[in-house]
Each structure stands twice: as C-alpha cells, then as structure tokens.
Amino acid sequence: MLKTILTGDRPTGPLHIGHYFGSLTSRKAFEKEYKTFIIIADIQALTDNWDETSKVSKAVLEVATDNLALSLDLSKTTLFIQSQIPQIAELTVLFSNLVTINRLKRNPTIKTEIEQKKNKFGDSGESVTFGFLGYPVSQTADITVVRANLVPVGIDQMPVIEQGVEIIEKFNRLYKNEVFPHFEGKLSTAPKILGLDGNAKMSKSLGNCVYLKDSDEETLAKIKSAKTDSGNSLTFEPETRPEISNLVLLYSLVNEIDVEIAVKDLVGIQYGAFKQKLAQDVNNYFREFREKRMELVNKPEFVRQVLENGRQKVLQEAEKTMQMVRQAMGIEY
Ligand code: TRP
C-alpha cells in the first residue's frame, strides 16, 4: 500500500525561499512515492495570532497559492484547510487526556517557543495559553486524522512529532486497538537558509526574507541590502561567516551546484557584483514558479475549488478514522 504523508504550514504570511528549499520542493517529489496531504494549519496559526485573525485568514489563500504554484498533481496530493475538518478538533480533545501538562512543558520545541514569548511579552510566561501549550496535541490530530505514516518537518519540529508518537502509542495501548499506524518525522535534507540579515531564521516578522511571490525588482533590492561582512572574499564558512556563507549557499541552490563548486566559481568577485548575479540567478530559478503563481492569483476560484475538493476528501478519511476511534474507545452510542 502507498504510504501516506502529511505535512503543512502555519498560514501567517506568504511563503519564502527558505520554505521552498526546506520543504516545498520535496512536496513535488513525494508525489511519485506517496499519497500526500498538505494541511494549511490555520487553527494552529491562531495559537500565536488569536488577536489577528485576518492576518491568518488572508494568508490561507496565499499559502494555498504558493503550494499550487508547484504544479502539484492533484490526483495524488490533497491540499486542505485545518479548520474545515471538525474531526481534528474532536481528536484533539480525546488526545488531550493522554498527555500531561508537565510533558507538554518539557517539550524542547515548546520550551524554546515559551522563552521567545517571555521576551516578546516581557513577562515570565504568564501569557502562555492553553491553546499554545497544547498545539503538539492538535498537530498529532492533524497527522492521525488521515492516518499518516510520515511527517516531513524541519529539525525544530521533531520534538513535536515525537510527542505525537507517544500519544498514539498510548492510545493504541490503552484502547487495545491499532487504529493508528506508527508514524515518524522525516527530516528535510535541504540546508537551511538564514535570513538576509544573518539571523538564524528567515522570518516574516524579522523582515529578512525573499518571498516566492516577490518580483524580480523586489528580489534584487532585498539581496542588494543583504548583510555581508568586512571581508572581501566569498567563502563558505557558516560558523565564522554566516552572512556570506548564506548567500553562497543560496547561489549554490539556485544554480544547482555544490557549495564547493560555487566557492570556486566565485573567486575574485566583488560583493556588489556577486549580489547582482545572485539576484539574477534567483530570479531565473523562480521564473517559472512565479509565472505559475501569477496565473493562480488571477484564478482565485480555481484555488478555492482545489481547497473544497480537499475538504471533501479529507472529511471522508476523517469520518472513517473517527468511527474506528469511537469503537476502540467504546464511545459509540
Ligand atoms: N507546526 C508546523 C510548523 O510550524 C506546521 C504544522 C501544523 C504541521 N500541522 C502540521 C507540520 C502537521 C506537519 C504536520 O511548521
């Protein structure tokens, strides 16, 4: 039987080139081997953005469009919106009894994110909500509602997946029923692109990304103003020269060559000329994708129809799952 993949994103803004190399390209590749579900996790996005619901709802269509610009084969890949599947909420509630609050607080991903929140809100964690603390539980429901086996994620999300595995192992053990297949995280092999300011993360809120939807001119302007250092050579030394190495990495990715070859290619080029060339290569690399994306922007009814088809397909799977869950738990009436 074909293995099932579930992966997805929080819709908080349009996707950027870090997402592209980290996860989007592999989604296209999965089609050959797996049945794939891509979730637009709007409810999860609300755990951080409950006071900005319109930011999330606007991003839902943008993220859908970014995914569809990959020219996915829609007979193999299903794109859907989390909030349209009520069974995910139902499973979340049932799973919430199978994990302790202490275990959630110990999750390394959650711990890091709580630290970030402390800094952002300037408190000692009082602002952490029930919804936020529990997002690994609802993410487990995202995965299990379609009974997925493989979950491609970045390394920072691995502890969330591991916690999900514990939850379903407990479910299967307690209710003596193999409703859920074992699942595991699948780490992306793509190297991580940093923000153009050298920050460890390319992130909308830090204003340091090149978006997939950016124009050639926007891309050039952003790359021109990317942070460099006071050296004058292009090398790949991520530990000591993160900013330059990040640009060299990006150059190697859009030219589809190894970084070592990229470094050789770039010997003697000045930073200014390099940035011009890099921007041009990035633009060439994304030309087809951006054209396809633009086509989709002009066909919002098509994007909506794809999401509606996804909703219907996932609802069917989800109801099958819930029947098995209710039976296993003895809560069928
Ligand atoms: N938490 C993931 C992120 O922040 C997004 C996500 C939501 C997800 N539900 C998922 C990823 C299910 C994989 C599977 O990137």
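These legends describe close-up views of a predicted model.

**View 1. The shell around the ligand.** The residues around the ligand in this predicted model include Leu6, Thr7, Gly8 and Arg10. Ile39, Ala41 and Gln44 also belong to the set. Further along the chain come Gln139, Asp142, Val151, Val153 and Gln157. By residue class, the shell holds five nonpolar, five polar and two charged residues. Arg10 and Asp142 are among the residues shown.

**View 2. Polar contacts to the ligand.** Three side chains are labelled here: Arg10, Gln44 and Gln139. Arg10 places a side-chain N or O atom 3.3 Å from an oxygen atom of the ligand. Gln44 faces a nitrogen atom of the ligand, with a polar side-chain atom 2.7 Å away. For Gln139, an N or O atom of the side chain lies 2.8 Å from a ligand nitrogen atom. The ligand on its own exposes 360 Å². The protein buries 87% of that area.

**View 3. Elements that line the ligand.** Strand 1 (3-9), helix 8 (135-144) and strand 4 (150-153) each give two or more residues to the shell. Strand 1 gives the most, with three residues. Leu6, Thr7 and Gly8 sit in the shell, and strand 1 covers residues 3-9. Gln139 and Asp142 are also in the shell, within the 135-144 span of helix 8. Val151 and Val153 take their places around the ligand too, and strand 4 spans 150-153.

**View 4. Helix 4 against helix 14.** Helix 4 covers residues 86-95, and helix 14 covers residues 300-329. Their axes are 9 Å apart. The packing angle is about 25°. An angle under 35 degrees counts as roughly parallel, so helix 4 and helix 14 are roughly parallel to each other. Their crossing is left-handed.

**View 5. Helix 4 against helix 8.** Helix 4 also meets helix 8, and here the axes come within 8 Å. The two cross at roughly 125°. That angle makes helix 4 oblique to helix 8. The crossing of this pair is right-handed. Helix 8 is also one of the elements that give two or more residues to the ligand shell.

**View 6. Helix 2 against helix 3.** Helix 2 (residues 42-49) packs on helix 3 (residues 53-68) at an angle of about 150°. The axes of the pair are 9 Å apart. Angles over 145 degrees count as roughly antiparallel, and helix 2 and helix 3 are therefore roughly antiparallel to each other. The crossing is right-handed. Gln44, which lies around the ligand, falls within the 42-49 span of helix 2.

Key: Residues numbered from 1 in each chain as written. Predicted model: local features only at pLDDT ≥ 70, side-chain atom pairs only at ≥ 80, totals over all residues. Heavy atoms only, no water. Near = heavy atom within 4 Å. Polar contact = N/O pair within 3.5 Å; in protein donor to acceptor, adjacent residues only side chain to side chain. Areas by Shrake-Rupley, 256 points an atom, 1.4 Å probe, with all protein chains shown as cover. Helix = DSSP H or I, 4+ residues; strand = E, 2+ residues; numbered from the N terminus. Nonpolar A, V, L, I, M, F, W, Y, C, P; charged D, E, K, R; others polar. Axes fitted to C-alpha atoms, helices over the stretch in contact; angles between N-to-C directions. Parallel < 35°, antiparallel > 145°, perpendicular 65-115°, else oblique. Left-handed = near helix turned anticlockwise from the far one by under 90°.
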